[in-house]
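Reader: I have a few short questions about the model that is about to be shown. Could we go through them one at a time?

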Amino acid sequence: MPYYVITYDVRARNHDYTGLNGCMAQWKAAHLQNSVWLADLVGPASTIRDILKFHMHPDDTVCVIQIFQNSDWATSWARTTGTNWLLPRCKA
């Protein structure tokens, strides 16, 4: 299954983001940073983006990037749930 980095900026103060949070929970996404998640999902990235946009305010932004098993990565003070997700999937 493909691996994805999902990142977003929520800009609306009074928007209900329950659906967005529900997607991350349903997808068992790993939390890497405040608005950065990692997930094993069936793509393409544009479909994942569109699912998330449905739960977001029009002023919000979202970015979905596919990563691969040999992707290079490094973190500093990232959440351990995210780095633990990356370790078996992508080389450190």
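Reader: How many disulfides does the structure hold?
Author: The structure holds zero disulfides, a disulfide being a pair of cysteine sulfur atoms within 2.5 Å. This is a predicted model, in which local features need pLDDT of at least 70 and side-chain atom pairs count only at pLDDT 80 or more, while totals for chains, interfaces and linings use all residues. Residues are numbered from 1 along each chain as its sequence is written, and side-chain values use heavy atoms, with hydrogens and water left out.

Reader: Why is C63 without a bond to the closest cysteine sulfur?
Author: The closest cysteine sulfur belongs to C90 and is 16 Å from that of C63, which is too far for a bond.

Reader: And is C90 buried or exposed?
Author: C90 is buried, at 2% relative accessibility. Buried means under 20% relative accessible area, exposed means over 50%, and partly exposed is in between, with a 1.4 Å probe and protein chains only. C63 is partly exposed, at 33%.

Reader: Turning to charges, how many salt bridges does the structure hold?
Author: There are two salt bridges, each defined as a side-chain nitrogen of Lys or Arg within 4 Å of a carboxyl oxygen of Asp or Glu. One joins D40 to R89, with the closest N and O atoms 3.1 Å apart. That pair links distant parts of the chain, since D40 is in strand β3 and R89 in helix α3, 49 residues apart. Helices (H or I, at least four residues) and strands (E, at least two) are DSSP runs, numbered from the N terminus.

Reader: Which residue does D50 meet in a salt bridge?
Author: D50 meets R49, at 2.9 Å from N to O. D50 is partly exposed at 38% relative accessibility, and R49 is partly exposed at 33%.

Reader: What about D60; where does it lie?
Author: D60 lies in the loop between α2 (45-54) and β4 (61-67). D60 is buried yet has no salt bridge, and the nearest side chain of opposite charge, R11, is 6.0 Å away. For charge, Lys and Arg count as positive and Asp and Glu as negative, while His and the chain ends are not counted.

Reader: Which side chain is joined to D60 by a polar contact?
Author: The side chain of Y17 is, at 2.6 Å. A polar contact is a pair of N or O atoms within 3.5 Å; within protein, one must be able to donate a hydrogen and the other to accept it, and residues adjacent in sequence count only if both atoms are side-chain atoms. In addition, the backbone nitrogen of H57 lies 2.9 Å from a polar atom of the D60 side chain.

Reader: A change of topic: how many aromatic pairs are there?
Author: The structure holds one aromatic pair. The rings of Y3 and W85 have centres 5.7 Å apart and planes at 80°, so the pair is edge-to-face. Rings of Phe, Tyr and Trp (its six-membered ring) pair if their centres lie within 6.5 Å; planes under 30 degrees apart count as stacked, over 60 as edge-to-face and the rest as tilted. Y3 is in strand β1 (residues 3-9) and W85 in helix α3, so the pair ties together parts that are 82 residues apart in sequence.

Reader: Lastly, which peptide bond is cis?
Author: The bond from G43 to P44 is cis, with omega near 10°. P44 is found in the loop between β3 (36-40) and α2.
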